[in-house]
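Student: I'd like to go through this model with you and ask why its features get the labels they do. Shall we take a look?

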Amino acid sequence: MTLTNERKKQICVTIIAVFLVIFASVLYRYLKYQPHQVPKIRITTTTTTVKPQIIKYFEPKYEDGFIEFLPDPPSKKVVTKTEASQNTTRAVPKPGLDPSEGCLHCLCQTINGCQPVKCMKNYTCGIYEISKFYWIDGGRLTVNEENSPKYADEKGEVGDYLRCVNNEECARYTVIKYMQLYQRDCNNDGIIDCRDYIPLHLLGPKGCRSKPLAVYHKMRMKSCLLQ
């Protein structure tokens, strides 16, 4: 069969048209499904190191059994229940002023009627029944041997402890220093006073908030504070 020139042209045009359609279809699919490239963004962060502020407190100076209090550290603040809504605070008694002499008297009355307890191994003793660990926290105060002749033969740290807790003045200052170190609102009434100092002495800084006083201690304290 002989194809005429016109027929050949028609076939060529048809082939070219089919080729163009196929090429257009392929190009369309390529462009449609080509993944988009999102430019990468690099985020950098900087950190700033804040150095903690160091506050230096003045410590008491002890010399030859006498105690010299240096300037007081900044007093702590306790928010009272009634003042909390008003955003006001009540200051804790300043070190060196509390507990008062009256409070110390009620403390020894609560413990054992202010009767000195004989010192035995690993037991509390003196009118405030002070333990060795309590004495250490209270500043390891000491007195001269002539002021406590009963324990003059005891040497070293044990001797210092026994002579101090059995000397009324040294024991009193030990209690004051301990209270200043651990003072806290044990009964959560917003004020730190003798009703906090006595449980603090008997139960310790943690126990005074979580444990109740013994019934006889509570009765003695209440009776003394009412006087």
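Tutor: Happy to! Helix 2 passes helix 7 in a right-handed crossing. Keep in mind that this is a predicted model.

Student: What makes the crossing of helix 2 and helix 7 right-handed?

Tutor: The label depends on how the near helix is turned from the far one: clockwise, by less than a right angle, counts as right-handed. Helix 2 passes helix 7 in that right-handed sense.

Student: At what angle do the axes of helix 2 and helix 7 cross, and how close do they come?

Tutor: The crossing is at roughly 150°, and the axes come within 8 Å. Angles over 145 degrees count as roughly antiparallel, so that is the label for a value of roughly 150°.

Student: Which residues meet there?

Tutor: From helix 2 come His 105, Cys 106, Gln 109, Thr 110, Ile 111 and Asn 112, and they meet His 217, Arg 220, Met 221, Cys 224 and Leu 225 of helix 7. Sorted by class, this contact has 5 nonpolar, 5 polar and 1 charged residues.

Student: Why is helix 2 called oblique to helix 6?

Tutor: Helix 2 (residues 101-112) and helix 6 (residues 194-210) pack at about 45°, with axes 10 Å apart. Angles under 35 degrees would be roughly parallel and 65 to 115 roughly perpendicular; the angle here fits neither range, which makes helix 2 oblique to helix 6.

Student: Which residues make that contact, and how do they divide by class?

Tutor: Helix 2 supplies Cys 103, Cys 106, Leu 107, Thr 110 and Ile 111, while helix 6 supplies Cys 194, Tyr 197, Ile 198, His 201 and Leu 202. They divide into 8 nonpolar, 2 polar and no charged.

Student: Now a single residue. How do you know that Arg 163 is buried?

Tutor: Buried means under 20% relative accessible area. Arg 163 has 4% relative accessibility, so this residue counts as buried. Its place is in helix 4 (residues 156-165).

Student: What makes the pairing of Arg 163 and Asp 160 a polar contact?

Tutor: The cut-off for a pair of N or O atoms is 3.5 Å. The side chains of Arg 163 and Asp 160 are joined at 3.2 Å, which is within that limit.

Student: And how does the whole chain look?

Tutor: The chain has 7 helices and 4 strands, running α-β-β-β-β-α-α-α-α-α-α from the N terminus. Of its 227 residues, 29% are buried.

Definitions and conventions: Residues are numbered from 1 along each chain as its sequence is written. This is a predicted model: local features need pLDDT of at least 70, side-chain atom pairs count only at pLDDT 80 or more; totals for chains, interfaces and linings use all residues. Side-chain values use heavy atoms; hydrogens and water are left out. Axes are lines fitted to C-alpha atoms, for helices over the stretch in contact, and angles run from 0 to 180 degrees between N-to-C directions. Helices (H or I, at least four residues) and strands (E, at least two) are DSSP runs, numbered from the N terminus. Contact means heavy atoms within 4.5 Å. Ala, Val, Leu, Ile, Met, Phe, Trp, Tyr, Cys and Pro count as nonpolar, Asp, Glu, Lys and Arg as charged, and the others, Gly among them, as polar. Buried means under 20% relative accessible area, exposed over 50%, partly exposed in between (1.4 Å probe, protein chains only). A polar contact is a pair of N or O atoms within 3.5 Å; within protein, one must be able to donate a hydrogen and the other to accept it, and residues adjacent in sequence count only if both atoms are side-chain atoms.
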